[in-house]
Amino acid sequence: MYSIHENDPGTPIRISTKRVVVTVDGTTVNVPEGTSVMRAASLAGVNVPKLCATDQLEAFGSCRLCLVEIEGRRGYPASCTTLVEPGMKIRTQSPELAKLRRGVMELYISDHPLDCLTCAANGNCELQEMAGKVGLREVRYGYDGENHLNADKDTSNPYFSFDPSKCIVCSRCVRACEETQGTFALTVLGRGFDSKVAPGTTSFLESECVSCGACVQACPTATLMEKSLEDGGQPDHVVATTCAYCGVGCSFRAEMKGSEVVRMVPDKQGGANHGHSCVKGRFAWGYATHPDRITTPMIRASIDDPWREVSWDEAFAHTASELRRIQSKYGDGAIGAITSSRCTNEETYLVQKLVRAVFRNNNVDTCARVCHSPTGYGLKATLGESAGTQNFDSVDHADVMIVIGANPTDAHPVFASRMKKRLREGAQLIVVDPRRIDLVRQPHIQAAYHLQLRPGTNVAVINALAHVVVNEGLLNEPFVRARCEGEAFEKWRAFIAGEENSPETLEAVTGVPAAHVRAAARLYAKAGNGAIYYGLGVTEHSQGSTMVIGIANLAMACGHIGRPGVGVNPLRGQNNVQGSCDMGSFPHELPGYRHVSDPAVRALFEREWGVRVQPEPGLRIPNMFDAALDDSFKGLYVQGEDIAQSDPDTENVLAALRSMECVIVQDLFITETAKYAHVFLPGASFLEKDGTFTNAERRINRVRKVKPPLAGLADWEVTARLAAAMGVPMPYTHPSEIMDEIARLTPTFTGVSYEKLDRLGSIQWPCNDQAPEGTPVMHMQQFVRGKGKFAVTRYVPTTERANREFPLLLTTGRILTQYNVGAQTRRTANMIWHDEDVLEIHPHDAEQRGIREGERVEIRSRIGATVMRALLTERVQPGVVYTTFHHPESGANVVTTENSDWATNCPEYKVTAVQVRKSDSRSQWQREFDAVAVEQAGLLPRHGSDTAE
Amino acid sequence: MASMRERAPRADAADAAAPALDLPPEIVAAIDAAISAHRTRPGALLPILHDVTARIGYVPPAAIASIAHALNLSRAEVAGVVSYYHDFRDAPPGRCIVKVCRAEACQAVGADALVEHACTRLRVAMHATRDDGAVSLEPVYCLGNCALGPSITVDGKLYGRVTPERFDRLVAQVKP
């Protein structure tokens, strides 16, 4: 069921410069060519009755309720499948039409339960509404004929039920699964009267369904129904907000009953998602009210002490005095903060302001350090702006896509559905990934090339691709001449044309057949529109920044930049990783990516804040850990990040945390980091605060408070109160005032305000005088830096190499149903799909080691070891193993090393040399982990049954 | 646009692990043979389903996954097509397959009575296979033999003007 109170003109919008004028029931309406009669009628203010039609799906013409009369035509055409023609005169109401519609409705209702008053859809049921509209008063066929009323209900999916007894076989769900989601998990079984919608021949849970919710949304009856709605009843109001999971940034309508969420429905107006969703945003929000939420501030002197619950005032006073004590003892630079890519722009901005204006240093960093910092560096250096070049809609114009080191169907599912739609329309796909991701081959999708490289050889592959472009005459010379710096280009051309970069030379390094590289390069270079999408498989390497530069080089060389359908598109991992970078979370950059050493920029902030801003860059996260172990860094404020689980070389991180005197964690739950904290400040979920998130396409979306913070304060209020306790008041009354301050100080944000966001729905920065409504596609006329700058990208092998002791390469990634460290998704029913991390290993490697499916194996690197179960699969190539990192006890980062990107220190998560062998017990680290977990659980305040809120 | 026409050699689908089948080896072999005989033709699903049916008499539900995988379709799509056509069975048919025409012309000359007789003689309902696997009885809608109704087929062979007595002779191979 679509969200309450949403208009549905019945068929999708058509865009055309040609207009067609028709009259509907005497009203003249002017619509684009290709528009359906049904949509034209809706635009004329006439809603034709319908059941199988919706503006989210192509017209189908099966329900026969939307019949109309058209002057000069025989019969009663279906208005959904009939397109407007010039001068058409359409009648939607006549005695004959009324009779026909009533007759159709009688047939539907003769095989539909009459339990409306006790039905979960009561109050928002299209079937009921249409029965009312057509004036159904009797069912002449009676209710005793053959029917489907005894069909069994399928409740196997944790989030929705399927009750075929209520199904009218309109196929909206089947079409939503195909057209919108692209999974094809639903079908109509049988024929004629026996036709029934089904997820193949199994239950929903065992089927190919990925629980995106599109079918549930499309259902016009109670057949597919959210269990939360069945339990909670229909909502009474709606608040538009933004999902807090991945970087796609889907707009949602939180359907509320008082301050209780009944369901989350993707917003058709959403600029990023256009009404689509995935299992996480749509259903996995139950963590927000999970009993594990900590809702009272807590402090303790040492991490071996029990936590003591205190008032907010005491927490702030204690924290402020601890931080000032450390500063007076060890110096101003002995404390710092980590901002969160899960929090809002406003909150992130405040944390960096706290560091710069209150801590009086630049020791602020963000989790982007460990994910997309090379993107910021590489794109700034080549194109001039640290952000992706396109909007998501751009993919509709792409002819060839290269997906490098990204797994969109798992990590960015809603955008993956858009990609798949375009691929089904005929676009070609090149996948560059050590592992066979689902996008390589799945129903109706087949990559033209899968360049299955060895982990750590990205730069070799991108150089080989560019080598082919240059040496086979595929360069877009006019573009390069007009748009790029000549000298730098010539230097790059001379470098890339060298034999050391040929696919044949590099084949031995990358493991990718040279012929495939050549063919892929030709495909991309000759494409009308070629677009590159990439993820953390690009950045999380020792040459992460080099690879980002290499991607930009390739796009510029082929002229695939600066218009819809092309571009360099980082798929951001977290909801606000773009925003947290924009907001000055880096130790060397003030908001808007301006270096702290620039006196003019500093002066701007000093005037606004009334303090002196330090000109020297502060510590990056790994430097903070090093300094902590050197006893020169003693206090850390961590907002919404779990460094103890997510940062590499866990044992080193824990040692650093143990050596600090005041670790402040602001989070929803007792995270792994919180087990090493001295102050716990309860965080607010995305449902409990106002603010904005910026997604991977630079789209600033509003996050709206739908309920009060469980702990009483939103995260931005906590930071502001801490600042005040440290003697620097930050008297904001609403996050909109923080955004106003950001807009005053940041050239790319000068036109942004909450008023404008409410008016436009969302804004893609830059938004300023030159682009008052934002910038969907960047670098259109010229690059932000003026001329695009090629840079030489020499391939330097990582020092992390497979050897006799550690012969396999471990690489890591995410899966669909869990999210990052899992703090949220592990506290939802998503656990049914992934309750432990497993090690994917090729059957050959497993056989050599005598490892069978499901057996426990130890994964050991030169840094550490952990134990998990083995999954034998040919998804990974021989010599490569793979795991996810959603469960803390898996300890994926116990194994990963201290290696990092040369430019940004982004960790080399994606390549770790390991040995794998059978093991029947947990690793030493895991046993210690278990002990800490038990010990720390014992230090939490006891509330008995009232801990559950 | 040139690049869109420049079709790349698609990676052989076999490199993406095909689902393992829990069926007797000769059935697996027959399914594999049917798949490889037709998988490269456009619209290969129906030819494969026909071929599988010709080889082993039915389309085992367990085969749906491998057919779907070979054609890069979803399992649900294949299941939908299999279920649409009565001639694609999901269980082995009887050793003898009898089809009785129930279309208008045959009905007009006594097909309904013949159906009743068939059910009694064969001890099986329409659309069903007898428990001992001896026979399957199916309706069929027009065999194109309207002038000579009522018509039936026995194991694919057409007979016209079928009286109850003639019917009994034609199905003599099936024990009552």
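Strands β10(A) and β11(A) form a hairpin, with two residues between them. In the turn sits Gly258(A), whose phi is positive at about 60 degrees. Please keep in mind that this is a predicted model. Here is a short tour of the hairpin, followed by a look at the chain that holds it.

**The hairpin and its neighbour**

- The two arms of the hairpin, β10(A) and strand β11 (residues 260-266) of chain A, pair in the antiparallel sense over six bridges.
- To find one point of this pairing, look for Arg253(A), whose bridge partner in β11(A) is Val265(A).
- β10(A) also pairs with strand β9 (residues 237-242) of chain A; these two run antiparallel and are joined by six bridges.
- On that side, Thr241(A) stands opposite Phe252(A) of β10(A).

**How covered is β10(A)?**

- Strand β10 (residues 251-257) of chain A is mostly covered, with five of its seven residues buried.
- If you are following side chains by eye, a general point helps: in a regular strand they alternate between the two faces of the sheet.

**The chain as a whole**

- Chain A contains 30 helices and 36 strands.
- The C-alpha trace of chain A spans about 90 × 70 × 65 Å along its principal axes.
- The radius of gyration of chain A is 29 Å, which agrees with a compact globule, because a globule of 949 residues would have a value near 30 Å.
- Among the 949 residues of chain A, 59% count as buried.
- Of the contacts in chain A with a separation of 6 or more, 72% come from residues 24 or more positions apart.

Conventions: Residues numbered from 1 in each chain as written. Chains lettered and ligands numbered in written order. Predicted model: local features only at pLDDT ≥ 70, side-chain atom pairs only at ≥ 80, totals over all residues. Helix = DSSP H or I, 4+ residues; strand = E, 2+ residues; numbered from the N terminus. Rg over C-alpha atoms; globule rule 2.2 N^0.38 Å. Buried ≥ 20, exposed ≤ 12 C-beta atoms within 10 Å, placed from the backbone. Contact = placed C-beta atoms within 7 Å. Pairing = 2+ DSSP bridges.
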